[in-house]
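Got your viewer ready? Load the model shown here and follow along, one selection at a time.

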Amino acid sequence: MAKLIEFQDVWCEYAGRPVLRGIELTVNQGETLVLLGRSGSGKTTLLRTANRLIEPSRGAVRFEGSLVRALDVHALRRRIGYVIQEGGLFPHFTVEENIGLVPTLEGWPAHEIRARVEELLEAMRLPPAQYIDRYPRSLSGGERQRVGIARALAANPPLLLLDEPFAALDPLTRFALQRLFLDLRHSFRTTAIFVTHDVREALMVASRIALLRDGQLDLVSDPAGFAAAGSEEARRFLETVSP
């Protein structure tokens, strides 16, 4: 399986305090790697080194074989979709303008942008005729999050970063979007790194789970092997879902 992104001995320090400690991890094309851990474990910091929102103190991150620190940061971020809580939409842009932002910056023809926006709204189960001209303030939390995912996918990025994308949603909406994400993973075949502190969510959406503890990798496993990995930290997470 081809490597898409590699974290090579990645360290991050803030005010002399290590937040990441020697992370060695590879993300392969077509998989969803979930970064699971407690608050403060370093999972969001690691995610953000992929698109240079955070620069490692030591070590290297490679994307498609190239050092990310050697790449133009704007060009890099246009090739990596990024989804945060509530979608991070521009409030003064319509749904169409939000989703079409990166294709517009990339110089796509207007008719191609419109077609891509409509395709993605259909995929998100948001009928274009009802949603394309609306503004974020008129959308529910779940609808804003769907538009945020559509925007991240708009320019066909090879990598999608999702930072606790469903954490602010009610349980029913969250479950619906988790199921939708699984459908999108199969239909768009986008590689994803997905941050969560919810072990149920990790087991549901992951191809592999990387469990972080105090800035280090505690284990890397597929969901089926997670419970049998012999990790005390994994056992504690699993206890939260025990009846």
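Here is a short tour of one helix and then some ring side chains, all in a predicted model.

Start by selecting residues 141-153, which make up helix 7. Put a distance between its end C-alpha atoms and you should get 19 Å. At 1.5 Å a residue, the 13 residues should span 18 Å, so the two values agree.

Now turn on the surface. Helix 7 is mostly covered, with 11 of its 13 residues buried. Among them are Gly 142, Glu 143, Arg 146, Val 147, Ile 149 and Leu 153. What is doing the covering? Select strand 6 (80-83), helix 3 (95-99) and helix 5 (110-123), which are included in the cover. Then add helix 6 (128-131), strand 7 (159-163) and helix 8 (171-188), also part of that cover.

Next, the rings. The count comes to 3 aromatic pairs. For one of them, pick Phe 90 and Phe 93: this pair is tilted, 5.4 Å centre to centre, with 50° between the planes. Are these two buried or exposed? Phe 90 is partly exposed, at 35% relative accessible area, and Phe 93 also counts as partly exposed, at 23%.

Move on to Phe 166, Phe 181 and Phe 194, which ring pairs link into a cluster.

Last stop: charges over rings. Select Trp 11 and Arg 58, and you'll find the charged end of Arg 58 over the Trp 11 ring, 4.2 Å from its centre. Then try Tyr 135 with Arg 137: here the charged end of Arg 137 sits over the Tyr 135 ring, 4.9 Å from its centre.

Technical notes: Residues are numbered from 1 along each chain as its sequence is written. This is a predicted model: local features need pLDDT of at least 70, side-chain atom pairs count only at pLDDT 80 or more; totals for chains, interfaces and linings use all residues. Side-chain values use heavy atoms; hydrogens and water are left out. Helices (H or I, at least four residues) and strands (E, at least two) are DSSP runs, numbered from the N terminus. The expected span of a helix is 1.5 Å times one less than its number of residues. Buried means under 20% relative accessible area, exposed over 50%, partly exposed in between (1.4 Å probe, protein chains only). Contact means heavy atoms within 4.5 Å. Rings of Phe, Tyr and Trp (its six-membered ring) pair if their centres lie within 6.5 Å; planes under 30 degrees apart count as stacked, over 60 as edge-to-face and the rest as tilted. A charge sits over a ring if NZ of Lys or CZ of Arg is within 6 Å of the ring centre and within 35 degrees of the ring normal.
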